[in-house]
Amino acid sequence: MIDPAAVEVALPRTDVAGTAFRPAQSYWSESWERLRANRVGMAAGGLVLLMVAIAAAAPLLAAYVVHHNPFGIDLYATFSPPSGAHWLGTDEDGRDTLIRLVYGAQVTLTVAFLSVTVSLLVGGTVGLIAGFYGGWLDNVLMRFVDILLSIPAIYLLILLTILQPKIGPVQLSTSDPRSLAVIIAIVSWGGLSRLVRGEVLTIKNRDFMLAARSIGASDLRLVLRHLLPNVLAVMIVAASLNVGAIIITESILDFIGLGIQPPTASWGNMLTNAQTYFYHSVWLVVLPGALIFITVLAMNLFGNALRDAFDPRLKS
Amino acid sequence: MSQHDDAIGFEQFERFVEEWSRRDFLRNVGIGTAYLAFLAGGLEFLEACAGGTSTSSGNVKEGGHIVEASIADLKNWNSVLTTDYTSQQMISMINDALYCVDSNGNLFPLVAKDKPQVSSDGLTYTVSLRQGIKWNDGQELTADDVVFTYQLMYDPTYTAVNSPRRGDLSQYLESATAKDKYTVIFKTKTVYAPFAVIHLASNNYTILPKHVLGNLAAADINTASYNSAPTVTCGAFNFVSWEKGSQVTLKKNPNYYRGAPHLDNYVFKIGGTSTTVLNQMKTGEIDIAFPGIGAIDPSQFDAAKSVDTINVYSYPRLSFDFFAFQLDPAKPASQLFSDKNVRQALVYALDRTAIAHALYFDQATVAGTSMPPASWAYNKDNQPQYKFDKAKAMAMLDAAGWTSSGGSTRTKNGATFKFTMITNAGNKVRENLLVVLQQQWKDIGVDATPSYVDFNKVLVPAITDTRNFDMFMVGFIWGPDPDQSALWHSRNARKGGFNGMQYKNPDLDKVLDDAVGTLDHNKRKQLYFQMQQILAEDQPAPILTFPNGILGLNKRVQNWQYGTFIQRGAYLKDVFVTDGK
Amino acid sequence: MLATIPTLFGVTSISYFLIWVTAGDIVPGVEINPYIKQEDIDRIRHNLGLDQPFWLQYLNWLGLPNLAQQLHLIGGTWPKGILEGDFGRSLVDGSPVIDHIVERLPNTLELTTTAILIGVLLAIPLGVTGALRRGSKIDHALTAMSVAGVAVPSFWLALILVLVFSVQLRAWGLPALPSSGAYSPLVGFDPLDRLSHLVLPALVLSFGYLAIWSRFGRSSMLEVLSQDYVRTARAKGMSERRVVYIHALRNAVIPLVTLIGLELPALVSGGAVVEIVFGWPGIGRFALDRAFGHDYTAVMGIVTFAAILVVLGNLLADILYAILDPRVRYT
């Protein structure tokens, strides 16, 4: 890994007559170029972006495009197939499937992205500190992470979702996608911190770090200016791959009965509910499943593309 | 039959047919056949309007096995310690109580020889046991076993036994003593009409062997190996093995005192969901899907009916969901609900037939009163019947002073008609019910918001303790006796009681007390008619529907009886399979 | 290795605390109904020792008072605890927790080891093929498959497979796989029967492993193939086959093996969802049931068990790594 700050210093700006030289380029812009060249990855990323955009625009869509809201029940029109009135049909209570999928996207994607962000923040910080300082602080922190990782995740998730603890002024409950995101983050930050710590240990004693330290850089500057950018790439890749995993986790929690509670729609709970109604409407089962599949697939492809962009040795 | 009997019989037959065509079970059989069945089967069969027997065609075959679905695992084989339905049903396969309940909700003698003799003051029940009943280890079952079983639940020496029934039993039972080897005398503290059917005729009171458990200290009974492996039993089947989480295997008891069962083996297959149960019925891995243990979901009723290897029966059970208004004047929401006309209006605003159609897929009976339709105390002509009438609901609210301008939420003297409804998260039907209620009340200008809470930590305390709610919705299950004091009597409004809405009506209290204080059947029926009338007027906690249980039987299973009240102990030994395998 | 003891303490105390906090004032296993009076609930809770303060319950569960009493530090009789290997009794039915675990563990192991085996046996060839034919259509296809493999919720996949291979096949009158359970009733121990029940659940469970490990195997193989010693071997004129299958493969497999070692805890808890869908009588499903039923002792028994396995798993991974990669031994 090349330290962006160092490159500017190290590259000789010689101008041998007649020789064109490639302008100095930072690691980040090189990676971006590689990413751009990966068409599959870019398409996947674009797809995810589209999903996010649609999800964010849910209220607008409900008002101006679809003309239904996700809670409007109609007991006389349950399980209707796609029609002019309901483009993707209705569910067991007569609610419009399309708009529920859109709102469901909002919920599921919020859970996934928010959870990953919190994981990154907490896990990344812990990993950075543990790796950078080492010694007893490292021991204590990693011991705690070990304990956290030794409890099987699924039990921890169940206990936390039954528990619904209060953290400060925030009441964690599973009816709110944000608190579900935090609960999942609590369970999954440990792995990320280990990953970050590992990277930090690799980089910590590289020449550029020693160089920066020798010129008197403070700890904070070392961490933020030199360490973090290098670790960031790993973190981003891990995070983007985790998004997909969390979407699946959310649907599994719904299956067990602990995730987002109806009538709030999430792709996971729509999928779970639909299983009982399989014989009434195949649409209800296929659509949320397909959306989960496509989104997770896209996110994973994008994550792989990111990894290939940051570390081209592994590219195919 | 005398002419008088005929007249009554025909009236019942008419009612039978009406119920029959409404519910569409045994759908390929016409009315002609029904009349023949009526003549052949007699009054008993018909009184249980909501019951029947899986058609027995051909001769009885010996041998074979049945696999029954059980979604939850059994918890405990010791009837004294259990409360869950699955454990009770499995226990009733291998162990008998003094009585069980037949299709009419009456006592059916098992270990007892005949109905109990009740003293004239109504406080003493003399039960004669059959003679010669043997435990499957050869010892004889005597009155000592019966007395021992009851002592575990009321005698002070056994308080260390974790029986959840001690409080209930000791409230009514004064003593249980053995008069001689085959006679048991039960003395009650007061005249209590439901005593026999609740405390003598229930899977909760199957008899335990004193020679096996009698020597244990009270606390050791909680951890006895008998609780996981009940080897000494007296019922139709014997315990073979319990592979926890996987299956329960039983084999026939050839020395069963009522005659050996036809089946050789019986297996409960544990695990799954209603979807996997239906799949397994289709593949033949499971023969029986029984309501309450491994039932078919109402949404899959049509799918199940189309499978040609199984018969599907839908019949009302004693469980139901209801919502309750906050009636305690000290709580804010009672401002909204204290006027009974308002409560009535809210019920008129509900299209319960549409609810039964959409949420229960027609597999539910719209409740005419709080009494289950199959009960002998049910009054089908109770008024008002609360047929869906949105205009009437709106008019009643207007008349009560709750007005709205142009379709917005109603207001009265500055207060808005807005409240929160709570129910437990995780129960799909209840969740949907609240959403439907919200919608239907919105149509008449009432703003109700659903809120889903944790069952144990929030809902139960809200109902029995803190009473912090505007409206709650929960499920309930009546016992075989028509007594409904648990919900409506004012003494149950105190902490720990289930009258969470704090409904206090001294007239109703008197009716309820009188009805359990007499053993006269007809008198009780009249009193319960009164109760239904009072409740229909007051509507403290409207019951929407009585959902049906859906029973799935593989066509090879014969002589299986089903109905609202009947318990398996009564007919298990007669069940056989057509292929004998 | 000494660090494992405080880890185990940490795991058990945090788990116990969480369970205790979620339990509330109920009796495990007893459903609320109007015929159960508050006095019964209080009495049963007292009998089970649930009304004691949290820390005292935890100490009793550990068995410290019993140990102290054996060392004659205190008097009285105390229950044995986990420090003496007593996993306690289930709060729901009073039977020993260890009996429950022992009865179900083989079923779970049967499922998870089969799934892991399938995963490994398929992941290595898939990963190697992808690495060797890097950039080709096959590589892209395999990548797509493995990425797709983690994009499907397992219960969803299970439902589809059951509908196709169990219900539908049988509807067409063809021989079909069973849809639920680990074995057929009344059959006794029949390996073929057990195998037919094992196919679908193990397949579903292996899907996730397969997807991840084949990716990992591929990237590991690529990394190895770009190493100097491989170039040297080629330069020396060694056949491609020898280079790949004898030298490169062995080194590529090493990190994969440690990944598998780290999956050891999943042997116990990983299959929970698959167990639920297929009605498989394993520990995962048992733990979930008991967690919902607030049966502390049972859940603690399993959590402790799983934690011990995690520790062993890490140890095993370290040892395996040392065996397979001589470089590590000398650090």
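Is Asp146(A) buried or exposed? In this predicted model, Asp146(A) has a relative accessibility of 18% and therefore counts as buried, the cut-off being under 20%. Its salt-bridge partner is Arg194(A), with the closest N and O atoms 2.5 Å apart. Arg194(A) belongs to helix α8 (residues 177–204) of chain A, and Asp146(A) to helix α6 (residues 135–150), so the pair ties together parts 48 residues apart in sequence. Arg194(A) is partly exposed, at 36% relative accessibility.

Chain A contains 12 helices and 2 strands. Their order along the sequence is α-α-α-α-α-α-α-β-β-α-α-α-α-α. The chain has 316 residues, of which 52% count as buried. Among contacts in chain A with a separation of 6 or more, 69% join residues 24 or more positions apart.

Salt bridges number 30 over all chains. In chain B, Arg491(B) pairs with Asp513(B), and the closest N and O atoms are 3.7 Å apart. Distant parts of the chain are linked here: Arg491(B) sits in the loop between α18 (485–488) and α19 (506–516), Asp513(B) in helix α19, 22 residues apart. Arg491(B) is partly exposed, with a relative accessible area of 35%. Asp513(B) is also partly exposed, at 34% relative accessibility.

A pair in chain C has another setting. Arg231(C) forms a salt bridge with Asp228(C), at 2.9 Å between the closest N and O atoms. The two residues lie 3 residues apart in helix α9 (residues 228–235) of chain C, which means that about one helical turn separates them. Arg231(C) and Asp228(C) are both exposed. In chain A, Asp91(A), Arg95(A) and Arg100(A) are joined into one network by salt bridges that share partners.

The contact between chain C and chain A involves 49 residues of chain C and 39 residues of chain A. About 3,700 Å² is buried between the two chains, 78% of it on carbon and sulfur atoms. Leu18(C), Phe155(C) and Trp156(C) contribute 16% of the area that chain C buries against chain A, more than any other three residues. No salt bridges are found across this interface: the count is 0. The count of residue pairs in polar contact, both at pLDDT 80 or more, is likewise 0.

Several helices of chain C build its side of the contact with chain A. At least two residues each come from α1 (4–23), α6 (137–149), α7 (154–171), α8 (191–225), α12 (272–277), α13 (283–292) and α14 (296–324). Helix α1(C) gives the largest share, 10 residues. By class, the side of chain C that touches chain A holds 33 nonpolar, 11 polar and 5 charged residues.

Chain C also touches chain B. Here the contact takes 46 residues from chain C and 50 residues from chain B. The buried area is about 3,900 Å², and carbon and sulfur atoms give 55% of it. Between these chains there are 2 salt bridges. One of them joins the side chains of Arg104(C) and Asp73(B), at 3.6 Å from N to O. Polar contacts connect 15 residue pairs, both at pLDDT 80 or more.

On the side of chain C that touches chain B, α2 (38–47), α5 (97–132), α7 and α12 each supply at least two residues. The largest share, 6 residues, comes from α7(C). This side of chain C divides into 20 nonpolar, 15 polar and 11 charged residues.

Within chain B, Asp321(B) lies in strand β14 (residues 319–325). Asp321(B) has a relative accessible area of 9% and is therefore buried. Its side chain makes a polar contact with the side chain of Arg430(B), at 3.0 Å. Beyond residues up to four places away in sequence, Asp321(B) touches residues including Tyr360(B), Val429(B), Leu433(B), Val474(B) and Ile543(B).

The whole structure has 0 disulfides over all chains. Cys100(B) is in none, and the nearest cysteine sulfur, that of Cys234(B), is 12 Å away. Cys100(B) counts as buried, at 2% relative accessibility. Cys234(B) is in no disulfide either. Cys234(B) also counts as buried, with a relative accessibility of 0%.

Methods:
Residues are numbered from 1 along each chain as its sequence is written. Chains are lettered from A and ligands numbered from 1 in the order in which they are written. This is a predicted model: local features need pLDDT of at least 70, side-chain atom pairs count only at pLDDT 80 or more; totals for chains, interfaces and linings use all residues. Side-chain values use heavy atoms; hydrogens and water are left out. Contact means heavy atoms within 4.5 Å. Buried area is the accessible area (1.4 Å probe) that two parts lose on being put together, summed over both. A salt bridge is a side-chain nitrogen of Lys or Arg within 4 Å of a carboxyl oxygen of Asp or Glu. A polar contact is a pair of N or O atoms within 3.5 Å; within protein, one must be able to donate a hydrogen and the other to accept it, and residues adjacent in sequence count only if both atoms are side-chain atoms. Helices (H or I, at least four residues) and strands (E, at least two) are DSSP runs, numbered from the N terminus. Ala, Val, Leu, Ile, Met, Phe, Trp, Tyr, Cys and Pro count as nonpolar, Asp, Glu, Lys and Arg as charged, and the others, Gly among them, as polar. A disulfide is a pair of cysteine sulfur atoms within 2.5 Å. Buried means under 20% relative accessible area, exposed over 50%, partly exposed in between (1.4 Å probe, protein chains only).
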